[in-house]
Amino acid sequence: MVILNLDFLEYYKNAGKIASRVRENARRKDHRGKTLFEICESIEREIRENGGIPAFPVNTSINEIAAHYTAEPDDQRVVNDGDVLKIDLGVHQQGFIADTAVTVSYDPNYESLVQTAENALSDALRIAKVDTKSSEIGKTIENSIKRSGFIPIQNLSGHSLEQYTIHAGKSIPNIWTVGSFQLLANHAYAIEPFVTLKNGAGIVREGSIANIFAIISRKPTKDKELDDFLNFLWERFKSLPFALRWTTDRYDEKYSREIIEILKKKKNIHSYPILVEGNDKIVAQAEHTIIPESKLTNVITM
Ligand code: MN
Ligand code: MN
């Protein structure tokens with residue numbers, strides 16, 4: 001006899017509902033004049049107030065930065081008129097993650113870029129069911145974007161999600177690809193088209209800033225201070241990403257920064273550099289998390 005434990009679907013649905021509500025509030029708000037520190041902290045606070053836990057530091061990536069920028073402690077960079085701001089947020093319950101993103105444009109010239117990312121996502125959601133091939137999703141996204149006169153970012157993709165793991169091994173491309181896998185029932189996937197201008201490179205490169213971290217090994221360092229810090233990180237974040245901001249209630253900022261640097265060198269911690277459009281062109285993103293079913297797409301972050 002097989003007993004299925006389907007509790008995890010409830011966790012996904014709850015996380016999705018919270019993520020959706022917080023994303024829509026972020027879409028409606030006017031972020032101009034606010035610092036990235038204020039934006040990240042207020043969105044993370046809202047996730048908690050709604051009963052969720054942030055699955056990773058809120059990403060606030062502006063203009064040519066496509067992804068992976070989160071606020072430094074007391075980050076004073078301000079969102080200005082003319083900026084295109086991507087807000088990417090994650091919510092988890094018991095490690096089951098809802099991952100979603102929205103782009104807000106404060107330059108009317110880029111509204112169609114934002115709309116193109118949203119449309120490409122909708123087109124992909126329409127075909128993403130159990131057994132759909134990842135290459136079909138990539139093709140759909142690529143065609144949708146190119147039809148609108150823009151291009152996809154080829155080396156950014158959606159991904160499978162697993163408990164306490166955001167990028168769980170399977171990539172959902174934003175272009176047609178040769179290799180392919182089929183979507184499974186009762187599995188979670190994030191679909192996230194990134195769009196740039198026709199004269200963009202259509203690929204991202206790593207920038208010099210890296211302010212999102214995650215534990216990759218719990219191997220003891222044999223230094224008590226380092227091991228204590230590593231244990232603190234594990235207790236709090238497990239294998240999920242974190243920011244320096246998320247450690248400063250317990251540790252002095254300078255101390256924390258130094259220890260993280262050492263743990264990076266020892267390969268206990270990995271850092272994720274910001275990802276920048278190859279020709280420094282503006283990037284827009286849209287993202288939902290889905291759990292495919294046989295006849296429909298269950299979009300948990302809708
Ligand atoms: Mn995301
Ligand atoms: Mn994602």
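These are my notebook entries on two metal sites, some aromatic ring pairs and one threonine in a predicted model.

**Entry 1: the manganese ion (ligand 1)**

I began with the manganese ion (ligand 1) and looked up its donors, which are Asp88 (OD), listed twice, together with Asp99 (OD) and Glu287 (OE), at 2.1 to 2.4 Å. Along the chain I read the spacing of these donors as D-x10-D-x187-E. I then placed two of the donors in the secondary structure: aspartate 88 sits in strand E3 (residues 84-93), while glutamate 287 sits in the loop between strand E14 (283-285) and strand E15 (288-292), so that this pair links distant parts of the chain, 199 residues apart. For accessibility, I noted that aspartate 88 has a relative accessible area of 10% and is buried, and that glutamate 287, at 1%, is buried as well. Both values count as buried because the cut-off is under 20% relative accessible area.

**Entry 2: the manganese ion (ligand 2)**

Next I turned to the manganese ion (ligand 2), whose protein donors I found to be Asp99 (OD), His159 (NE2), Glu192 (OE) and Glu287 (OE), lying 2.1 to 2.2 Å from the ion. The spacing of these donor residues in sequence is D-x59-H-x32-E-x94-E. Glutamate 192 lies in the loop between strand E8 (188-191) and strand E9 (194-196), and glutamate 287 in the loop between E14 and E15, so the two tie together parts that are 95 residues apart in sequence. I recorded glutamate 192 as buried, at 5% relative accessibility.

Which residue coordinates both manganese ions, and how far apart are the ions? I found that aspartate 99 coordinates both, and that the two ions are 3.2 Å apart. Glutamate 287 I also met in the donor list of ligand 1 and again in that of ligand 2.

**Entry 3: aromatic pairs**

I then went through the rings, where the count comes to twelve aromatic pairs. One of them joins phenylalanine 229 and tyrosine 251, which meet edge-to-face, with 4.8 Å from centre to centre and 65° between the planes. Phenylalanine 229 belongs to helix H5 (residues 224-237) and tyrosine 251 to the loop between H5 and helix H6 (253-265), so this pair ties together parts that are 22 residues apart in sequence. I noted phenylalanine 229 as buried, with a relative accessible area of 0%, and tyrosine 251 as buried with 18%.

Tyrosine 251 also pairs with phenylalanine 232, again edge-to-face, at 5.0 Å centre to centre and with 65° between the planes. Here the link runs from phenylalanine 232 in helix H5 to tyrosine 251 in the loop between H5 and H6, 19 residues apart; phenylalanine 232 is buried, with a relative accessible area of 6%. Separately, I wrote down a cluster in which ring pairs link Phe8, Tyr11, Tyr12 and Phe96.

**Entry 4: threonine 247**

Is threonine 247 buried or exposed? I found threonine 247 in the loop between H5 and H6, and at 0% relative accessibility this residue counts as buried. A polar atom of the threonine 247 side chain lies 2.8 Å from the backbone oxygen of leucine 244, and the side chains of threonine 247 and serine 256 are joined by a polar contact of 2.7 Å. Leaving aside residues up to four places away in sequence, I listed what threonine 247 touches: Phe229, Phe232, Leu233, Arg236, Phe242 and Ser256. The list includes Phe229 and Phe232, which I had already entered as ring partners of tyrosine 251.

Notes: Residues are numbered from 1 along each chain as its sequence is written. Chains are lettered from A and ligands numbered from 1 in the order in which they are written. This is a predicted model: local features need pLDDT of at least 70, side-chain atom pairs count only at pLDDT 80 or more; totals for chains, interfaces and linings use all residues. Side-chain values use heavy atoms; hydrogens and water are left out. Donors are N, O and S atoms within 2.8 Å of the metal (3.2 Å for Na, K and Ca); water is not among the atoms, so sites may look incomplete. Helices (H or I, at least four residues) and strands (E, at least two) are DSSP runs, numbered from the N terminus. Buried means under 20% relative accessible area, exposed over 50%, partly exposed in between (1.4 Å probe, protein chains only). Rings of Phe, Tyr and Trp (its six-membered ring) pair if their centres lie within 6.5 Å; planes under 30 degrees apart count as stacked, over 60 as edge-to-face and the rest as tilted. A polar contact is a pair of N or O atoms within 3.5 Å; within protein, one must be able to donate a hydrogen and the other to accept it, and residues adjacent in sequence count only if both atoms are side-chain atoms. Contact means heavy atoms within 4.5 Å.
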